[in-house]
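Colleague: Hello! I am new to this structure and would like a friendly tour of it. Could you take my questions one at a time?

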Amino acid sequence: MAMIKVHGFPISPPVRRVIVCLEEKALPYDFLTVDMFSGNHKKQPFISINPFGQVPAIEDGDLKLFESRAITQYIAHGYADNGTPLIPTDPKELAMVILWAEIESQQFDPTASKLSFELVIKPMRGMATDEIEVEKLQVKLAAVLDVYEARLSESKFLAGETFSLADLNHIPIVSNMYGTKIKALFEARPNVSIWAEEILGRPSWQNTLKKMTMKM
């Protein structure tokens, strides 16, 4: 099996989303660092793969693909028989995975990613956190997590009783949140807390954290 080439920046949550998916699938890959601090994601040769100049991007044979969720869907479908099954074959079960994957991208991530920027990225780059913005975002995320709490009172994972792509796509940003005061929002909701600890404890994520590091 030829190795999938992953172009990305090690600490980028979307890049880590792809890596944890590859780890779940036990697929070999070659990681090629794109130095975002130097602006290399906006230059050739990277923009020949993703003309929007955003990481990650992959090459799998003659296929070039970008957008992390498109990539994880491709991996889940294209390598269905490898590693952990992430996409069910039953239409109703699949519908639930699709639903909660959409909720992640449309409801959870827009707010959580902004919090990650304020509380993780800005301090890393010596920038001041906007605490007023953080307070507003916390209220929004709390409302989303209330919905998650209700859902997770009915099933172990978001789409059902089995870990799926819907859960996997959350992992990098949930991990970032757990390194900040926002962890308290998760811990205040028992079912959300159990779910978060479960997905963050997966060997695939632990392997991703070990591999996707960099010196600042």
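Colleague: To begin with the sheet, in what order do the four strands stand?

Modeller: Please keep in mind that this is a predicted model. The sheet is open, and its pairing is mixed. From one strand to the next the twist averages 20 degrees. Reading across the four strands, the order is β2-β1-β3-β4.

Colleague: Which strands stand at the edges, each with a single partner strand?

Modeller: An edge strand has a single partner, so one of its sides is left without a neighbour in the sheet. β1 does not fit that description, as bridges join β1 to β2 and also to β3. The strands at the edges are β2 and β4.

Colleague: Do β1 and β2 run parallel or antiparallel?

Modeller: β1 covers residues 4–8 and β2 covers residues 29–33, with five bridges joining the two. One of the partnerships is that of Val6 with Phe31 in β2. Together with helix α1 (residues 13–24), these strands make a right-handed β-α-β unit. The two strands run parallel.

Colleague: And what stands opposite Val6 in β3?

Modeller: β1 and β3 are joined by three bridges and run antiparallel. β3 spans residues 57–60, and four bridges join it to β4, again in an antiparallel pairing. Across that second pairing, Ile58 faces Leu65 in β4. On the β1 side, the residue opposite Val6 is Ile58.

Colleague: How many of the five residues of β1 are buried?

Modeller: Buried here means under 20% relative accessible area. By that cut-off β1 is mostly covered. The number of buried residues in β1 is four.

Colleague: Which residues does Leu22 contact, leaving aside its neighbours within four places in sequence?

Modeller: Leu22 belongs to the largest nonpolar core, which has 63 residues. Leu22 is listed with Val6, Phe108, Leu141, Tyr148, Phe186 and Trp195 as the members that touch the most others. In soluble globular proteins, nonpolar side chains tend to be buried together. The contacts of Leu22 are Ile4, Val6, Leu27, Tyr29 and Ile75.

Colleague: Which helix gives the largest share of this core?

Modeller: The share in question is eight residues. The helix that supplies it spans residues 131–152. The helix is α4.

Colleague: Is Ala142 buried or exposed?

Modeller: Ala142 lies in helix α4. Not counting residues up to four places away in sequence, Ala142 touches Leu185 and Arg189. Its relative accessibility is 14%, and the cut-off for buried is under 20%, so Ala142 counts as buried.

Colleague: Turning to charged pairs, how far apart are the closest N and O atoms of Lys211 and Glu23?

Modeller: The structure holds 11 salt bridges, and one of them joins Lys211 and Glu23. Lys211 is in helix α9 (residues 203–211) and Glu23 in helix α1, so this pair links distant parts of the chain, 188 residues apart. Lys211 is partly exposed at 47% relative accessible area, whereas Glu23 is buried at 15%. Their closest N and O atoms are 2.7 Å apart.

Colleague: How many residues apart in sequence are the parts that Arg69 and Asp109 tie together?

Modeller: The side chains of Arg69 and Asp109 meet in a salt bridge, with 3.4 Å from N to O. Arg69 counts as partly exposed at 23% relative accessibility, while Asp109 is buried at 14%. Because Arg69 lies in helix α2 and Asp109 in helix α3 (residues 91–124), the pair ties together parts whose separation in sequence is 40 residues.

Colleague: Which residues are linked with Arg69 and Asp109 in a network of salt bridges?

Modeller: The network takes in Arg69 and Asp109. Two further residues are linked with that pair. They are Arg17 and Glu104.

Colleague: Last one: in which helix do Lys122 and Glu118 lie?

Modeller: Lys122 and Glu118 form a salt bridge, their closest N and O atoms being 3.1 Å apart. Both residues are buried. They are four residues apart, about one turn of the helix, and that helix is α3.

Conventions. Residues numbered from 1 in each chain as written. Predicted model: local features only at pLDDT ≥ 70, side-chain atom pairs only at ≥ 80, totals over all residues. Heavy atoms only, no water. Pairing = 2+ DSSP bridges. Right-handed = clockwise from strand over helix to strand, strands pointing away. Axes fitted to C-alpha atoms, helices over the stretch in contact; angles between N-to-C directions. Salt bridge = Lys/Arg side-chain N within 4 Å of Asp/Glu carboxyl O. Buried < 20%, exposed > 50% of the residue type's maximum accessible area, 1.4 Å probe, protein only. Core = buried A, V, L, I, M, F, W, Y, C linked by side-chain atoms within 4.5 Å. Contact = heavy atoms within 4.5 Å.
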